[in-house]
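I opened this notebook to look up how the secondary-structure elements of one chain are arranged and which of them pack against each other. The entries follow the order in which I looked.

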Amino acid sequence: MKTLLSVLFTPVVILFTTMDVLAAIKTKTIEYKQCDTVLGGYLAYNDAIKGKRPTVLVVHDWTGLQSFTKKRTEQLAKLGYVAFAADIYGKGIRPENIQESGTQAKIYRDNRSLMRDRVNAGVQVLQKYQLTDPKRIAAIGYCFGGGTVLELARTGANIQGVASFHSNLDTPNPEDAKNIKSKVLVLHGANDPFIPQEQVQGFEREMRQANVDWQLISYGGAVHSFTNPEAKNGPKGSLYNPTVEQRSWKAMRQFFAEIFR
């Protein structure tokens, strides 16, 4: 009977253990500034883990810091990282449709200096945060955000790595790649209609000429926004691909295991 009871109650113990871990994920909005502009970032971490730990900056897609980015930030916290979603657009600026998203993204794509300043402001928040191990910081980004973290790397930011998911790869200043100190991982949809092959080739040439430690993984059959479930009903050329989402997430985790040794 004792053995039977042990078996019966084991799932309950596992369930409560799992619930305790999930309950330990803490989230909060952090206001910070880039010059006079107020920004509203989103922080997530596992409160059950004590002490400093590797940290990850997350940069949103062109829709701004909304549910998709917050979910990714929380997923990273569940893996044991401190994760902070930077706000590039500004507090309260959350596009509601494709037109508004395009307008906001264009501001920063046309002004890479401002884009770099905004993302660096997010890095500074992480660097000062009490749970951050300053020697183990990475940045990831999706679509617009992927291009943003590549620009962050080109500033010579003192971080260990950047990873971009289905992002633009171009830059008006390819010679700035010589400033890159971090390792670079690009997770790319091979059939992405928004990223022409000439842009991919230009990025590869940029990385080689600057002698950067870089990787580009090209996923066959994948188009733009392959990680985003909301892309099932998105614009033509964007489509969620659950298989490639899992593969790219696994590649990111392997990348982190390498840079956070």
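Before listing any residues, I note that contact here means heavy atoms within 4.5 Å. I also keep in mind that this is a predicted model.

**Entry 1, α2 and α7.** With that cut-off, I looked up which residues join the two helices, and I find that R72, Q75 and L76 in α2 meet E245, W249, M252 and F256 in α7. Sorted by class, the residues of this contact of α2 with α7 divide into 4 nonpolar, 1 polar and 2 charged. For the geometry, I read that helix α2 (residues 67-78) and α7 pack at an angle of about 50°, with their axes 13 Å apart. The range of 65 to 115 degrees counts as roughly perpendicular and angles under 35 degrees as roughly parallel, and α2 and α7 are therefore oblique to each other. I also noted the handedness, since α2 passes α7 in a right-handed crossing.

**Entry 2, the sheet.** I next asked in which order the strands of the open sheet lie. The sheet has 8 strands in the order β1-β2-β4-β3-β5-β6-β7-β8, and the pairing is mixed. Why is one side of β1 and of β8 left without a neighbour in the sheet? Both β1 (25-34) and β8 (214-219) stand at the edges, and each has a single partner strand. From one strand to the next, the twist averages 20°.

I then took one strand pair in detail: β2 (residues 37-46) and β4 (residues 82-86) run antiparallel and are joined by 3 bridges. In β4, I find A85 as the bridge partner of Y42.

**Entry 3, helices on the sheet.** Helix α4 (residues 112-128) packs on the sheet and touches β1, β2, β3 (53-59), β4 and β5 (132-142), while its direction makes about 130° with that of β1. Helix α7 (residues 242-259), already met in the first entry, lies across β3, β5, β6 (161-165), β7 (183-189) and β8, and it runs at about 175° to β7.

**Entry 4, the partners of α4.** I looked up α5 beside α4 and read that α4 and helix α5 (residues 144-154) pack at an angle of about 85°, with their axes 9 Å apart. That angle makes α4 roughly perpendicular to α5. On the α4 side, the contact is made by R112, M115, R116, V119, N120 and V123, and on the α5 side by F144, G147, T148, E151, L152 and R154. By class, I record 5 nonpolar, 3 polar and 4 charged residues for the contact of α4 with α5.

For α3, I find that its axis and that of α4 come within 6 Å and cross at roughly 100°, and α3 and α4 are therefore roughly perpendicular to each other. Here I107, Y108 and R109 in α3 meet R112, L114, M115 and R118 in α4. The residues of the contact of α3 with α4 divide into 4 nonpolar, no polar and 3 charged.

**Entry 5, aromatic pairs.** My search of the whole structure finds 13 aromatic pairs. One of them is formed by Y89 and Y108, which are stacked, at 5.7 Å centre to centre and with 20° between the planes. This pair links distant parts of the chain, with Y89 in the loop between β4 and α3 (98-109) and Y108 in helix α3, 19 residues apart.

Methods
Residues numbered from 1 in each chain as written. Predicted model: local features only at pLDDT ≥ 70, side-chain atom pairs only at ≥ 80, totals over all residues. Heavy atoms only, no water. Pairing = 2+ DSSP bridges. Axes fitted to C-alpha atoms, helices over the stretch in contact; angles between N-to-C directions. Parallel < 35°, antiparallel > 145°, perpendicular 65-115°, else oblique. Left-handed = near helix turned anticlockwise from the far one by under 90°. Nonpolar A, V, L, I, M, F, W, Y, C, P; charged D, E, K, R; others polar. Phe/Tyr/Trp six-rings, centres within 6.5 Å; stacked < 30°, edge-to-face > 60°.
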